Amino acid sequence: MNKILKRTFLPGLLATSLVGASFVPAKPAAADEYILQDIGIGAGAGVVSGAIRGRGSVVNNAIKGAASGAAVNAVHGTRRQYKNRQNRNVVQDVGVGAAAGAVTGTILRGNTRHVVGDAIDGAAAGGAINVLTNGKRQ
């Protein structure tokens, strides 16, 4: 009887534990429902910043800005209190945007020759998100 129970319940228990362990990390990250809006604003700001600086292609600048917008949204989504979710922190948005822009630019090119310019593009994206959305979200 003991072997029958082991052969019957053990595979089901193992399958249940594997499914449960794989679905726990699949919950959404800190991003909120405005992620597409922040990605769009970031991409636009990245293109404009790159055009003003005269560096990089339009596509690369849009990718850097979009990545910065997604990072700013993800970090902003970690705020728990309603007041903190409604009012953005400009220093946090610009800093996260700059870091994400620098990392994304380094990944896109494969070198660190223009990491400061990439950080400027990301900071511009974070600043644009802050200016355009601060206090306007519920």
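Here is a short walk through this predicted model, one selection at a time.

**Whole chain.** Start with everything shown as cartoon. You should see 6 helices and 0 strands, so to speak an α-α-α-α-α-α run when read from the N terminus. Now colour by burial: of the 138 residues in the protein, 31% are buried. Switch on a surface if you like; the protein exposes about 8400 Å², and 68% of that comes from carbon and sulfur atoms. For a contact map, take the pairs at least 6 apart in sequence: 70% of those contacts join residues at least 24 apart.

**Y34.** Next, select Y34 and show its side chain. You are in the loop between α1 (2–23) and α2 (35–53). Is Y34 buried, partly exposed or exposed? Its relative accessibility is 25%, so Y34 counts as partly exposed, given that buried would need a value under 20%. Keep Y34 selected and add N73. The two sit 39 residues apart in sequence, yet a C-alpha to C-alpha distance label will read 7.6 Å.

**L108 and its patch.** Clear that and jump to helix α5, residues 90–109, where L108 is found. L108 has a relative accessibility of 36% and therefore counts as partly exposed; the exposed class begins over 50%. Which residues join L108 in a nonpolar surface patch? Add V59 and I63 to the selection: with L108 they make a patch of about 240 Å². Colour these three residues on the surface to see the patch as a unit.

Key:
Residues numbered from 1 in each chain as written. Predicted model: local features only at pLDDT ≥ 70, side-chain atom pairs only at ≥ 80, totals over all residues. Heavy atoms only, no water. Helix = DSSP H or I, 4+ residues; strand = E, 2+ residues; numbered from the N terminus. Buried < 20%, exposed > 50% of the residue type's maximum accessible area, 1.4 Å probe, protein only. Contact = heavy atoms within 4.5 Å. Areas by Shrake-Rupley, 256 points an atom, 1.4 Å probe, with all protein chains shown as cover. Patch = residues over 30% accessible without salt bridge, like charges linked within 9 Å, V, L, I, M, F, W, Y side chains within 5 Å. Salt bridge = Lys/Arg side-chain N within 4 Å of Asp/Glu carboxyl O.
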